[in-house]
Amino acid sequence: MQDLISIVSGLRKHGTGFQSLHEALDTSTLGGRLVFHVFAALAEFIRELGIPPTKEQD
């Protein structure tokens, strides 16, 4: 997750946003950046709790 945050931060410094089509997330908007960072914080919290990730179902 830290790598993804670094990549997205680097893109923003160059005036580029990150867009996830699966999650409909666009970091070129203020709301998109907020949601991205909330997701990142939740992922870190869950990782520290030791909860295994769930498997996505098709």
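Ala 24 sits in the loop that links strand S1 (19-20) to S2. In this predicted model, the phi of Ala 24 comes out near 55°, a positive value in a residue that isn't glycine. Is Ala 24 buried or exposed? With a relative accessibility of 73%, Ala 24 counts as exposed, because the cut-off for that label is over 50%. A positive phi also turns up at Gly 15, which follows helix H1, and there the angle is near 80°.

A little further along comes Thr 27, placed in the loop between strand S2 (25-26) and helix H2 (30-49). Thr 27 has a relative accessible area of just 5%, so it goes down as buried, the limit for that class being under 20%. And which residues does Thr 27 touch, leaving aside those up to four places away in sequence? The list runs to Val 8, Gly 17, Phe 18, Gly 32, Arg 33 and Phe 36. Of these partners, Val 8 falls within the residue range of helix H1 (2-13), while Gly 32, Arg 33 and Phe 36 fall within that of H2 (30-49).

Zooming out, the protein chain holds 2 helices and 2 strands, and reading from the N terminus the order is α-β-β-α. The opening helix, H1, covers residues 2-13, which makes 12 residues. From its first C-alpha to its last, H1 reaches 17 Å, close to the 16 Å expected at 1.5 Å a residue.

Then there is the surface. A nonpolar patch is formed there by Leu 34, Val 35, Val 38, Phe 39, Leu 42, Phe 45, Ile 46, Leu 49 and Ile 51, and together these residues have about 820 Å² of accessible area. Many of the numbers in that list recur at short intervals, and some background on helices is handy here. An α-helix has 3.6 residues a turn, so residues three or four places apart point the same way. Within the patch, Leu 34, Val 38, Leu 42 and Ile 46 are among the members that lie in the range of H2 (30-49). Ile 51, by contrast, belongs to the segment after H2. At 48% relative accessibility, Ile 51 counts as partly exposed, because the exposed class needs over 50%.

As for the chain overall, the C-alpha trace spans about 35 × 25 × 20 Å along its principal axes. Buried residues account for 14% of the 58 residues. The accessible surface adds up to about 5000 Å², and carbon and sulfur atoms hold 60% of that.

Notes: Residues are numbered from 1 along each chain as its sequence is written. This is a predicted model: local features need pLDDT of at least 70, side-chain atom pairs count only at pLDDT 80 or more; totals for chains, interfaces and linings use all residues. Side-chain values use heavy atoms; hydrogens and water are left out. Helices (H or I, at least four residues) and strands (E, at least two) are DSSP runs, numbered from the N terminus. Buried means under 20% relative accessible area, exposed over 50%, partly exposed in between (1.4 Å probe, protein chains only). Contact means heavy atoms within 4.5 Å. The expected span of a helix is 1.5 Å times one less than its number of residues. Patches are made of residues with over 30% relative accessible area and no salt bridge: like charges are joined within 9 Å, nonpolar side chains (Val, Leu, Ile, Met, Phe, Trp, Tyr) within 5 Å. Accessible areas come from the Shrake-Rupley method with a 1.4 Å probe; for residues, only the protein chains shown count as cover. A salt bridge is a side-chain nitrogen of Lys or Arg within 4 Å of a carboxyl oxygen of Asp or Glu.
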